[in-house]
Amino acid sequence: MSLARNVDLLRRLPRLDGLRLPDFGTSAGASSPLQEITGFGDNPGALRMFAFVPAQLQKPHALVVVLHGCGQTAASYDLGAGWSTLARHYGFALVMPEQQRINNANTCFNWFNPEDTARDSGEARSIREMVAHMARAHRIDPRRVFITGLSAGGGMTSVMLATYPEVFAAGAVIAGLPYGIASNLREALDGMFHSPERPERELGDFVRRASNHRGPWPKISVWHGSADRTVNPGNANEIVKQWLDLHDLPATPMAETNVDGYPRQAWWNKDGETLVESYAITGMAHGTPLGLADNDQRYGVEGAFLIEAGISSSYHIAKFFGLTGWIPDAKKAQAKPARSPAPHLARTIRAKVAEEEAEPKRDQPRGFDLGQIITRALTAAGLMK
């Protein structure tokens, strides 16, 4: 398809409803735990702010910013990618900015508009203000702020990592584009459909010019379907090149493995910490890959631009951010009953054990039967006849 036809297609999309998902978004909003927050600070990008904070937060407190794709809302992408479920499961705060049609007819974040992609300007400033609000309200550790996004949200993730690199510890770009490759619609379409190759240094300089920051740089995880016809898969390679240059890492991967059947490349620093990783989801079209996570849980629901692929990108991204190690504490918290019929049961069992150890019965061999002790303790507590 020619560039002219692509431009014409984008112009007709609002009339054709080609990227709008009214039914999906409506049903998602009805069941979403996200709450809208107003008055969060300066909002030059005119974005809406939605957030979710679970009852229990792992320590130190962490925050994940999640940016939806074109045609989606914060609630619909949350339902599809499962981020609020992950946030509840692993105890981290969540903020999901939402684009408005007054800014973009197809609710795409304007990742290529100079007014929205510069530090302290437009949509980038609005998202930064949301992060600052959450940090103040929920005592977020400044070293534990992360960001991820799909498609145009992935492009805006690149923008945020470039313009506010001191704010984010890590980011993850799904079917997105590198920072700085477009400053108007024509260049954006060229990047989306053709992904012209650029030298590593040029790509890195795009980011270096976006702020006065000179490192350390955020870590990054890159995801892309090899059959993507909306955003050329070559963009994944360009994003990787951009961040390898910033981290001063070699072009050759330090490790190549398979995760849930898909190739993953990784690069790490001298301390062994992975700084750049890339997943190629072979055969997948444009969207966020869904699947069963390592803990046998499923996060998200298949839908438009949310594709069952046998790998849970949301889970693996949360793992890359270092957020999934809290699960043992979460299980203990969930296992504790709200109202216990025997609050002193553990003390009773310990007392019975001590009693048996101190006064063993003459007709028993040395030692004691822990099973019998627990049974007697349960009986004493009124939990067993």
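## Around strand β5 and its aromatic neighbours

Ser158 has its place in helix α6. This is a predicted model, and that serine makes a handy way in. With a relative accessible area of 1%, Ser158 is buried. Setting aside its neighbours within four places in sequence, Ser158 is in contact with Val173, Leu177, Pro178 and Tyr179.

Now for the helix itself. Helix α6 covers residues 152-163 and joins with β5 and β6 in a right-handed β-α-β unit. Strand β5 takes in residues 145-150 and is mostly covered, with six of its six residues buried. Which way do the side chains go? Val145, Ile147 and Gly149 point one way from β5, while Phe146, Thr148 and Leu150 point the other way. Both sets are buried.

Strand β5 also has partners. Strand β3 (residues 63-67) runs parallel to β5, and five bridges join the two. In that pairing, Val66 stands opposite Thr148 of β5. Strand β6 (residues 170-174) pairs with β5 too, again in the parallel sense and over five bridges. Here Phe146 is found opposite Ala170 of β6.

Phe146 turns up again among the aromatics: together with Phe320 and Phe321 it forms one aromatic cluster. How many aromatic pairs are there in the whole structure? A search finds seven. One of them is Trp83 with Phe92: the ring centres are 6.2 Å apart and the planes sit at 70°, so this pair counts as edge-to-face. Trp83 and Phe92 are both buried. Another pair is Phe320 with Phe321, where the centres are 6.3 Å apart and the planes are at 50°, so the pair is tilted.

Are those two phenylalanines buried or exposed? Phe320 counts as buried at 9% relative accessibility, and Phe321 counts as buried at 5%. Phe320 has a charged visitor as well: the charged end of Lys219 sits over its ring, 4.9 Å from the centre.

Next, some backbone features in the loops. Here they are side by side:

| Residue | Loop | Backbone feature |
|---|---|---|
| Pro60 | between β2 (48-52) and β3 | cis peptide bond with Lys59, omega about -5° |
| Pro216 | between α8 (200-208) and β7 (219-225) | cis peptide bond with Gly215, omega about 0° |
| Asp248 | between α9 (234-247) and β8 (255-259) | phi near 55° |
| Asp260 | between β8 and β9 (262-268) | phi near 55° |

For Asp248, that phi is a positive value in a residue other than glycine. The positive phi of Asp260 is likewise found in a residue other than glycine. What about their exposure? Asp248 counts as exposed, at 69% relative accessibility. Asp260 comes out at 37% relative accessibility and counts as partly exposed.

Finally, stepping back to the chain as a whole. The protein chain has 13 helices and 12 strands. Of its 385 residues, 51% count as buried. Among contacts with a separation of 6 or more, 70% are between residues 24 or more positions apart. The accessible surface of the protein chain is about 18100 Å², and carbon and sulfur atoms account for 50% of that.

Terms used:
Residues numbered from 1 in each chain as written. Predicted model: local features only at pLDDT ≥ 70, side-chain atom pairs only at ≥ 80, totals over all residues. Heavy atoms only, no water. Buried < 20%, exposed > 50% of the residue type's maximum accessible area, 1.4 Å probe, protein only. Helix = DSSP H or I, 4+ residues; strand = E, 2+ residues; numbered from the N terminus. Pairing = 2+ DSSP bridges. Right-handed = clockwise from strand over helix to strand, strands pointing away. Contact = heavy atoms within 4.5 Å. Areas by Shrake-Rupley, 256 points an atom, 1.4 Å probe, with all protein chains shown as cover. Phe/Tyr/Trp six-rings, centres within 6.5 Å; stacked < 30°, edge-to-face > 60°. Lys NZ or Arg CZ within 6 Å of the ring centre and 35° of its normal.
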